[in-house]
Amino acid sequence: MSGKKKPGSDLAALNKKKLKSVDEILEKVKRLGQRVRAEPEVQKTLAELNLPHACREVVDKSADAVLDEIETSILLVAASVLRGEGFTYTLPNRAKGNQLYVPELDRIVLKDSQSHRTFANISTCRKAVITTRILQLVHELCTKRIHVTKRDLFYTDVKLFEDQGNSDGILDDLACMLGCTRSSLHVVASEKGVVVGRLTFREDGDLIDCRRMGVGGKAIPPNIDKVDSIESDAMFILLVEKDAAFMRLAEDRFYNTYPCIIITAKGQPDVATRLFLRKLKQTLRIPVLALVDSDPYGLKILSVYMKGSMNMSYDSSNLTTPDIKWLGVRPSDLDRFSIPEQCRLPMTDEDIKTGKKLLEEDFVRANPDWVKELEIMVTTKVKAEIQALSSFGFQYLSQQYLPLKLQGGDWI
């Protein structure tokens with residue numbers, strides 16, 4: 001056996017000496033929590049801002065209210081036919097050019113311009129048919145007071161929809177047209193996100209203790225309306241991009257030493273996870289710290305949680321959790337934590353293009369620290385995954401990296 005040291009062993013030993021007691025490590029997190037709780041609970045609304053553009057937002061509606069909206073929409077179409085103007089739907093335009101970032105709200109909203117979907121037009125005929133079919137299906141769901149997944153909806157008429165992307169997209173169009181959230185349509189996404197840690201809540205009357213859910217965690221319910229009685233003694237929420245990092249932290253029982261709730265959507269965030277995170281933040285009023293890959297897509301995922309997505313900008317007021325702190329892995333961490341060269345990956349042309357596009361986004365330019373980190377990334381043309389930290393040992397993430405970041409208040 002050679003006397004060679006494990007890569008990063010010197011750094012790990014140095015970091016270990018730097019770590020203080022758990023109470024001292026959590027001191028800056030505690031102060032951040034005090035600032036979060038001191039913030040006013042009522043945030044500004046679009047109506048209060050007097051923006052130069054009219055904007056469209058949706059609200060939760062009861063099944064009866066959605067039924068009324070659907071029937072009114074069909075009556076308007078019938079009236080249009082009787083007037084000799086043809087079978088036409090008037091829907092909000094959800095194209096990218098109709099999106100607007102509002103700095104005062106720190107999220108993306110949808111401007112209130114409209115488009116027409118006409119049955120007699122060859123370019124919109126098929127979409128008009130699909131729109132009618134989905135309205136019919138949603139009407140049935142709301143009448144029967146039952147919920148189905150987006151996949152279930154797709155399989156009701158595969159020949160017409162052809163691809164689930166078609167039915168999913170028009171479902172968002174209809175939510176926007178009817179002025180309600182997508183969950184109000186009684187169509188939910190399949191379970192994707194999971195949660196573990198110091199959290200209890202009731203789901204449809206059943207008590208759930210997230211400390212007793214094992215390494216896999218508790219699946220985040222697709223119907224967030226059935227979640228209530230949320231209680232926790234956590235000091236912060238740790239939002240994790242990757243399932244692998246989530247499992248490492250869950251298995252190491254990171255939340256026992258550092259009181260927290262750990263959530264992941266296993267990549268691109270789904271609606272249920274975004275709704276659940278927002279509900280936790282509003283109920284518990286504790287900070288949210290994010291752990292994502294050091295690449296443009298990690299930051300895009302973080303921005304969806306914080307600012308909203310282009311696809312669902314009409315519902316950003318219900319889906320976004322502003323003021324999430326970017327804990328890591330940040331481009332500046334690669335040198336500061338001496339991530340080995342073999343664990344740093346060269347960015348592809350597509351990665352660099354995505355990074356440069358992000359630098360042009362209003363919500364990125366609004367945060368100088370984000371700009372600085374992104375500039376490091378596109379200049380060095382290097383990216384790294386959370387798993388790169390495993391080069392120092394499988395438990396380095398939970399025992400060294402995160403405690404050091406928390407201790408230093410090293411988030412932006």
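**Figure 1. Surroundings of Ser294.** Setting aside neighbours within four places in sequence, Ser294 is in contact with Val329, Arg330, Pro331, Leu334, Met377, Lys383 and Ala384. The model shown here and in the other views is predicted. Ser294 sits in the loop that runs between strand S15 (288–291) and helix H13 (296–307). Its relative accessibility is 0%, so Ser294 counts as buried.

**Figure 2. The peptide bond between Gly328 and Val329.** Gly328 and Val329 are joined by a cis peptide bond, with omega of about -10°. Most peptide bonds are trans. Val329 belongs to the loop between strand S16 (325–328) and helix H15 (333–336). Val329 is also one of the residues in contact with Ser294, the loop residue of Figure 1.

**Figure 3. Ser316 in helix H14.** Helix H14 covers residues 316–319 and includes Ser316. Ser316 has a relative accessibility of 0% and therefore counts as buried. Not counting residues up to four places away in sequence, Ser316 touches Glu57, Arg107, Ile108, Val109 and Lys307. With one of these residues there is also a polar contact: the side chain of Ser316 reaches the backbone oxygen of Ile108 at 2.7 Å. Ser113 can serve as a reference point in this view. Between Ser316 and Ser113 there are 17 Å in space, C-alpha to C-alpha, and the two are 203 residues apart in sequence.

**Figure 4. Asp106 and its backbone angle.** Asp106 is found in the loop between strand S3 (99–102) and strand S4 (107–111). Although Asp106 is not a glycine, its phi is positive, about 55°. Most residues other than glycine have a negative phi. Among the residues of the neighbouring stretch, Arg107, Ile108 and Val109 are touched by Ser316, the helix residue of Figure 3.

**Figure 5. Ser229 in strand S12.** Strand S12 covers residues 227–231, and Ser229 lies in this strand. Ser229 is a residue other than glycine with a positive phi, near 55°. At 43% relative accessibility, Ser229 counts as partly exposed, because that class lies between the limits of 20% and 50%.

**Figure 6. Val195 in strand S8.** Val195 is part of strand S8, which covers residues 194–197. What does Val195 touch, not counting residues up to four places away in sequence? The contacts of Val195 are Cys210, Gly217, Lys218, Ile220, Phe246, Ile261, Ile262, Ile263 and Phe276. Val195 has a relative accessible area of 0% and is therefore buried. Arg211 is 16 residues from Val195 in sequence, and their C-alpha atoms are 9.5 Å apart in space.

**Figure 7. Asp209 in strand S10.** Asp209 belongs to strand S10, residues 206–209. The side chain of Asp209 reaches the backbone nitrogen of Arg211 at 3.0 Å. Leaving aside neighbours within four places in sequence, Asp209 is in contact with Leu199 and Thr200. Is Asp209 buried or exposed? Asp209 has a relative accessible area of 18%, and because buried means under 20%, Asp209 counts as buried.

**Figure 8. Pro346 in strand S17.** Strand S17 consists of residues 345–346 and holds Pro346. Pro346 is exposed, with a relative accessible area of 61%. Apart from neighbours within four places in sequence, Pro346 is in contact with Lys381 and Lys383. Lys383 is in contact with Ser294 as well. Pro346 and Thr380 are 34 residues apart along the chain, and 8.9 Å separate their C-alpha atoms.

**Figure 9. The protein chain as context for the close-ups.** The secondary structure of the protein chain comes to 19 helices and 18 strands. Along its principal axes, the C-alpha trace spans about 85 × 50 × 45 Å. The radius of gyration is 24 Å, which agrees with the value near 22 Å for a compact globule of 412 residues. Of the 412 residues, 52% count as buried. Among contacts between residues at least 6 apart in sequence, 76% join residues at least 24 apart. The accessible surface of the chain is about 19500 Å², and 51% of this surface belongs to carbon and sulfur atoms. The chain has 60 positive and 57 negative charges, whose mean positions are 4 Å apart.

Note on methods:
Residues are numbered from 1 along each chain as its sequence is written. This is a predicted model: local features need pLDDT of at least 70, side-chain atom pairs count only at pLDDT 80 or more; totals for chains, interfaces and linings use all residues. Side-chain values use heavy atoms; hydrogens and water are left out. Helices (H or I, at least four residues) and strands (E, at least two) are DSSP runs, numbered from the N terminus. Buried means under 20% relative accessible area, exposed over 50%, partly exposed in between (1.4 Å probe, protein chains only). Contact means heavy atoms within 4.5 Å. A polar contact is a pair of N or O atoms within 3.5 Å; within protein, one must be able to donate a hydrogen and the other to accept it, and residues adjacent in sequence count only if both atoms are side-chain atoms. The radius of gyration is taken over C-alpha atoms; the globule rule is 2.2 Å times the number of residues to the power 0.38. Accessible areas come from the Shrake-Rupley method with a 1.4 Å probe; for residues, only the protein chains shown count as cover. Lys and Arg count as positive and Asp and Glu as negative; His and the chain ends are not counted. The place of a charge is taken as NZ of Lys, CZ of Arg, CG of Asp or CD of Glu.
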